[in-house]
Amino acid sequence: MMADLNKLGLAEARDALKRGDVTSVELTETCLERIEGAAALNAFVHKTPEIALDRARAADERLKAGDAPAMCGLPIGIKDLFCTKGVPGQAGSRILQGFLPGYESTVTQNLADAGAVMLGKLNMDEFAMGSSNETSVYGNAVNPWRRKGDDAQLTPGGSSGGSAAAVAADLCLAATGTDTGGSIRQPAAFTGTVGVKPTYGRCSRWGIVAFACSLDQAGPMTKSVRDGAIMLGAMAGHDPKDSTSADLAVPDFEAMLTGDIKGKTIGIPREYRMDGMPAEIEKLWSDGADMLRDAGAKIVDISLPHTKYALPAYYVIAPAEASSNLARYDGVRYGHRAKLAQGDGITEMYEKTRAEGFGYEVQRRVMVGTYVLSAGFYDAYYNRARKVRTLIKRDFENVFADGVDAILTPATPSAAFGLGEMKDADPVQMYLNDVFTVTVNLAGLPGVTVPAGLDEQGLPLGLQLIGQPWEEGDLLNTAFALERAAGFVAKPEKWW
Amino acid sequence: MSIDQSTAARVAKLARIKVEEDALPALADEFNTILGFIEQLNEVDVDGVEPMTSVTPQRLTRRADEVTDGNQQAAILANAPDAREGFFAVPKVVE
């Protein structure tokens, strides 16, 4: 039996399972053992070894019978935001302490139906609000990467920080994430992994704890673009239980990975060249464009004029939706309820429960959302932001109509930063992490980040490709070409 | 637009989040930082632009008005912090 089965990707493990070189039980046991040894990363926060081994044994039976679906026997981690039946899920929040979902999210059900093995639930920022996994009730998730010659702990990014750390540290073969403003793509970039945010409506949102319904999308976080294609295919599909789920056939994304991008047009948006952008990021970006050009694509300069207004629009729309969604945490139906004093009525129960149950960043965003939706400000803030959102989407429609197939941008404005380093920064500084990713959510487009190089300190940096709606297959093929050209193979040195 | 302490207190009340008196000045400052950032949106000419209601052009699908689920009282109450006799229990609401 191979020793490092946990280091395999989905495609390699699938092929090894089909050949009979390994069993799913062996793969799963190896991952479970590595998870036990990785407490320092604080990635897995609820472990489900019994479920994992049951599913692994069932998968081995199916493999033996020659009836193996796409993810048969492949051990993965699930972000804590997904409800999975009978397994604690609290969206990284104290307010959902003790919550046991009585149902299964459509995406995790789809993955289970495809034969995937769930290893456990992964750490994340509270209610997916954060860019560093520092707002979690479980404590910080820790990036397996460190700066050269420095043992300071770094953030794996957020909000899907536990997913990114677990995949980068080979605790699982892949993981689910969710992305409202960059929460799959930024942590993937910070950990040298691949993150796919599909077109809005491609994956059902049913059973995923809601943050901002018009922006939230689930997607895969994997070790390669091929793995992303395999897993996205298993997660996606129409779901009558989500009224925004698209009734479209899911193509075979993996079959579309030819690596041939001759004749494709790739846009480089000039507005993404930010003041004060580190030279390393700028170089990575132009190197990426050269790689795609060398692979036969045509590189063109494009303009997305409303880019600058994406973050401010996002920080109206997302908190507004969050304040409505999080109104359900009232201490009545599930989760935490505050102890009440003599004479406290129902209003005190709500107020104390929410003050104790929500962390500070969540409280702040709920209150900002409440303010921008309140009488007298609704038009000035919320409606204006929705109009700007229309313009941001129109920017993309215009460049796609001009023949652009995909857009290349940096994934993040920096490499992973230190845990605690942003403690004294004002909230807007933290929000800037999403500057390159948030436009994609506002426009409902698919985006993928691919690791493309290391910075001077030895930390991974990623590039982002943005595609046309519903064209994930074409987008992933371009990402596949970029991945091959970049040849990123670095892994974090094991210290945990 | 600047948010003072009494506005911060009002917003906290609307959001049903208890904020202690001594935390209000810092909260008001943070609101002002965030709203200052959001004010940039005033630079954009939005005349004649429709506010986005749906990011994908698809219409929300309709379904038949049929009961598809139900009779799950125990499952629904299972996570309640206080459930009694088949009901959610809360402090007295009506005198």
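Q: Which residue of chain B does A:Ala313 touch, not counting residues up to four places away in sequence?
A: This is a predicted model. Leaving out residues up to four places away in sequence, A:Ala313 touches A:Ala385, A:Val388, A:Arg389, A:Ile392 and A:Leu442 in chain A. The list also holds one name from chain B: B:Leu41.

Q: Which helix gives the largest share of the largest nonpolar core?
A: The core has 167 residues. Among those that touch the most other members are A:Ala43, A:Ile76, A:Ala166 and A:Ala313. The largest share of this core is 10 residues, and they come from residues 310–325 of chain A, helix H9.

Q: Is A:Ala218 buried or exposed?
A: A:Ala218 is found in strand E6 of chain A, residues 217–222. Not counting residues up to four places away in sequence, its contacts include A:Val107, A:Thr176, A:Cys203 and A:Met235. Within 10 Å there are 29 other C-beta atoms. The cut-off is 20 or more, so A:Ala218 is buried.

Q: What distance separates the C-alpha atoms of A:Ala218 and A:Ile184?
A: Along the chain, A:Ala218 and A:Ile184 are 34 residues apart. In space, their C-alpha atoms are separated by 8.4 Å.

Q: What should helix H10 of chain A span at 1.5 Å a residue?
A: H10 covers residues 346–357 of chain A, 12 residues. Its buried residues include A:Met349, A:Tyr350 and A:Gly357. The end C-alpha atoms are 16 Å apart, which agrees with the expected span of 16 Å.

Q: Which helix supplies the largest share of the side of chain B that touches chain A?
A: The contact takes 58 residues from chain A and 38 residues from chain B. On the chain B side, helix H1 (5–14) and helix H2 (24–38) each supply at least two residues. The largest share is 6 residues, from H2(B).

Q: How many residues of the side of chain B that touches chain A are nonpolar?
A: This side also holds charged and polar residues: 7 charged and 6 polar. The nonpolar residues number 25.

Q: What is the radius of gyration of chain B?
A: Chain B has 3 helices and 2 strands, in the order α-α-α-β-β along the sequence. The globule rule gives 12 Å for 95 residues; the value for chain B is well over that, so chain B is more spread out than a compact globule. Its radius of gyration is 22 Å.

Q: What percentage of the residues of chain B count as buried?
A: The C-alpha atoms of chain B fill a box of roughly 55 × 45 × 25 Å, taken along the principal axes. Of its 95 residues, the share that counts as buried is 15%.

Terms used: Residues are numbered from 1 along each chain as its sequence is written. Chains are lettered from A and ligands numbered from 1 in the order in which they are written. This is a predicted model: local features need pLDDT of at least 70, side-chain atom pairs count only at pLDDT 80 or more; totals for chains, interfaces and linings use all residues. Helices (H or I, at least four residues) and strands (E, at least two) are DSSP runs, numbered from the N terminus. The expected span of a helix is 1.5 Å times one less than its number of residues. A residue is buried if 20 or more other C-beta atoms lie within 10 Å of its own, exposed if 12 or fewer, and partly exposed in between; C-beta atoms are placed from the backbone. Two residues are in contact if their C-beta atoms, placed from the backbone, lie within 7 Å. Ala, Val, Leu, Ile, Met, Phe, Trp, Tyr, Cys and Pro count as nonpolar, Asp, Glu, Lys and Arg as charged, and the others, Gly among them, as polar. A nonpolar core is a set of buried Ala, Val, Leu, Ile, Met, Phe, Trp, Tyr and Cys residues joined through C-beta atoms within 7 Å. The radius of gyration is taken over C-alpha atoms; the globule rule is 2.2 Å times the number of residues to the power 0.38.
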